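The following exercises concern a single protein chain. Each task is followed by a solution that proceeds step by step.

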Amino acid sequence: QVQLVESGGGLVQAGGSLRLSCAASGSGFSINAMGWYRHVPGKQRELVAVLTSGGSTDYADSVKGRFTISRDNAKNAVYLQMNNLKPEDTSVYYCKAIATQGTGTYQYWGQGTQVTVSS
């Protein structure tokens, strides 16, 4: 099993910044990719940003140029720097990891962290 613990959410005014962190823990695993998703009630969970073990990144069009995903491989951690936040960025943000353990590959989710952007 891999556990993901997120932190860094909160309340910020429009135009402000927040940095989300997600750390993976467990034993006998290797991370293939880590990313961030967000979920607004009534809508599907959407990809915000993803970073593969090879260093490739992908972002939702709505956050390109404002959000940056980065990773600390030594800590099995991923970060999301969010700048120039907008009210429409308000959501619960979830960390996701795709990890290999033994002969299997599994996906894991964090518990979510609330980001609220006031206008």
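Two strands are said to pair if DSSP finds at least two bridges between them. The model under study is predicted.

**Exercise 1. The pairing of β1**

Task: Determine how many bridges join β1 to strand β3, and establish which way the side chains along β1 point.

Solution.
Step 1. Strand β1 covers residues 2–7, and strand β3 covers residues 18–26.
Step 2. The two strands are joined by six bridges and run antiparallel. Pairing requires at least two bridges, so β1 and β3, with six, satisfy the criterion.
Step 3. Within this pairing, glutamate 6 of β1 has cysteine 22 of β3 opposite to it.
Step 4. The side chains of β1 alternate: Val2, Leu4 and Glu6 are buried and point to one face, whereas Gln3, Val5 and Ser7 point to the other and are not buried.

**Exercise 2. Leucine 80**

Task: Decide whether leucine 80 is buried or exposed, and list its contacts beyond the neighbours within four places in sequence.

Solution.
Step 1. Leucine 80 belongs to strand β8.
Step 2. Its relative accessible area is 0%; because buried means under 20%, leucine 80 is buried.
Step 3. With neighbours within four places in sequence set aside, leucine 80 contacts Leu18, Arg19, Leu20, Trp36, Val48, Ala49, Phe67, Thr68, Ile69 and Tyr93.
Step 4. As for alanine 33, 47 residues apart from leucine 80 along the chain, a distance of 14 Å separates the two C-alpha atoms.

**Exercise 3. Aspartate 89 and arginine 38**

Task: Find which side chains make polar contacts with those of aspartate 89 and arginine 38.

Solution.
Step 1. Aspartate 89 is located in the loop between β8 (77–82) and β9 (91–101), while arginine 38 is part of strand β4, residues 29–39.
Step 2. The relative accessibility of aspartate 89 is 0%, so this residue counts as buried. Arginine 38, at 6%, also counts as buried because its value is under 20%.
Step 3. The side chain of aspartate 89 forms a polar contact of 2.8 Å with the side chain of arginine 66.
Step 4. The side chain of arginine 38 forms a polar contact with that of glutamate 46 at 2.5 Å, and another with that of tyrosine 93 at 2.8 Å.
Step 5. Aspartate 89 and arginine 38 are themselves in contact. Apart from neighbours within four places in sequence, aspartate 89 also contacts Arg66, Phe67, Val115 and Val117; the contacts of arginine 38 include Phe67, Ser91 and Val92.

Methods. Residues are numbered from 1 along each chain as its sequence is written. This is a predicted model: local features need pLDDT of at least 70, side-chain atom pairs count only at pLDDT 80 or more; totals for chains, interfaces and linings use all residues. Side-chain values use heavy atoms; hydrogens and water are left out. Helices (H or I, at least four residues) and strands (E, at least two) are DSSP runs, numbered from the N terminus. Buried means under 20% relative accessible area, exposed over 50%, partly exposed in between (1.4 Å probe, protein chains only). A polar contact is a pair of N or O atoms within 3.5 Å; within protein, one must be able to donate a hydrogen and the other to accept it, and residues adjacent in sequence count only if both atoms are side-chain atoms. Contact means heavy atoms within 4.5 Å.
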